[in-house]
Amino acid sequence: MTKNSEKRINFFTYLLNIIVKPTSNIRSNTYVFWLWNVIFTAITVPVFVMIVLQINFSASTDEIGLASVLGLIIFLFIMNVSVYALPLLLINMLLIYLINKKASNVPNSLSKVFSDHTNVFTQSLILFFLGVASFTNGHALINNYELFAFAGVLLFLSSLVVYLAGSLGMMRFYLRDNKENKMKISFIYIVILVTLITIYTCGVYIIVPLY
């Protein structure tokens, strides 16, 4: 297999694969033009926010409850996704690309890595915003708070697991022709990624609130 085996595919096929065949875009060595990734991400996040807001507008029955819900959503979006998570995601994508470039016998292009990362990020993002919708509805619908909040926590954890597993899956695919060092490099990579996520979590939930 050579670098030229990468295949650019139709953007709508790429989107369908994200939902129907979660790992197909990665393992089939297919990708979409980098600008599509930027546009898609720039559109998807605001759309998910609007959907969650609409759900909570419908679920809220009083102004105080609505204010509480909106405040929580704004906090989760601005602090976790827009400001603090973006550098982490970019660092992870560049880390994968650099390891792929240095350690792979047949390195993939930056466009391919960017496309694969958007694939993984989108799946994680869907679960994250489902968690936001469930968790905030737990505050809006007091009678069902425990059930909605528990479901929200599970979805948050699922979002993290999907991102970790997807990132590791990307790394293992890029090292497919380096069987001797595949396990060792994958282990080192996942340790680095978990460390980065731990630092990020401490920064968001400990340092920032205290500040």
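**Tyr189**

I started at Tyr189. I looked up its contacts, leaving out residues up to four places away in sequence. Tyr189 touches Asn92, Leu95, Ile96 and Ile99. It also touches Ser167, Leu168 and Met171. I note here that this is a predicted model.

**A second core**

Next I looked for a core separate from the largest one. There is a second one, with five residues. Among them I find Phe11, Tyr14, Val32 and Phe40.

**The largest core**

I then went to the largest nonpolar core, which has 31 residues. Which of them touch the most other members? I list Ile96, Ile99, Val113, Phe129, Met170 and Tyr189. So Tyr189, my starting point, belongs to this group.

I checked which helices supply the core. H3 (34-59), H4 (63-103), H5 (110-140), H6 (145-174) and H7 (182-210) each give at least two residues. Which helix gives the largest share? It is H4, with nine residues.

**Asn92**

I came back to Asn92, one of the contacts of Tyr189. Asn92 sits in helix H4. Is Asn92 buried or exposed? Its relative accessibility is 0%, so I enter it as buried. The cut-off for buried is under 20%.

I looked up the neighbours of Asn92, again without residues up to four places away in sequence. I found His117, Tyr163, Ser167, Tyr189 and Leu193. Ser167 is also on the contact list of Tyr189.

**Surface patch**

I turned to the outside. A nonpolar patch lies on the surface, with about 770 Å² of accessible area together. I list its members as Phe33, Trp34, Leu35, Trp36, Val38, Ile39, Ile43, Val47 and Ile51.

I picked Ile51 for a closer look. It is in helix H3. Its relative accessible area is 44%, so Ile51 counts as partly exposed. Patch residues need over 30%.

**Whole chain**

Last, I logged the totals. The protein chain has seven helices and two strands. From the N terminus, I read the order as β-α-α-β-α-α-α-α-α.

How much of the chain counts as buried? I get 44% of the 211 residues. The chain exposes about 11700 Å². Carbon and sulfur atoms supply 72% of that area.

I also checked contacts with a separation of 6 or more. Residues 24 or more positions apart account for 71% of them.

Technical notes. Residues are numbered from 1 along each chain as its sequence is written. This is a predicted model: local features need pLDDT of at least 70, side-chain atom pairs count only at pLDDT 80 or more; totals for chains, interfaces and linings use all residues. Side-chain values use heavy atoms; hydrogens and water are left out. A nonpolar core is a set of buried Ala, Val, Leu, Ile, Met, Phe, Trp, Tyr and Cys residues joined through side-chain atoms within 4.5 Å. Buried means under 20% relative accessible area, exposed over 50%, partly exposed in between (1.4 Å probe, protein chains only). Helices (H or I, at least four residues) and strands (E, at least two) are DSSP runs, numbered from the N terminus. Contact means heavy atoms within 4.5 Å. Accessible areas come from the Shrake-Rupley method with a 1.4 Å probe; for residues, only the protein chains shown count as cover. Patches are made of residues with over 30% relative accessible area and no salt bridge: like charges are joined within 9 Å, nonpolar side chains (Val, Leu, Ile, Met, Phe, Trp, Tyr) within 5 Å. A salt bridge is a side-chain nitrogen of Lys or Arg within 4 Å of a carboxyl oxygen of Asp or Glu.
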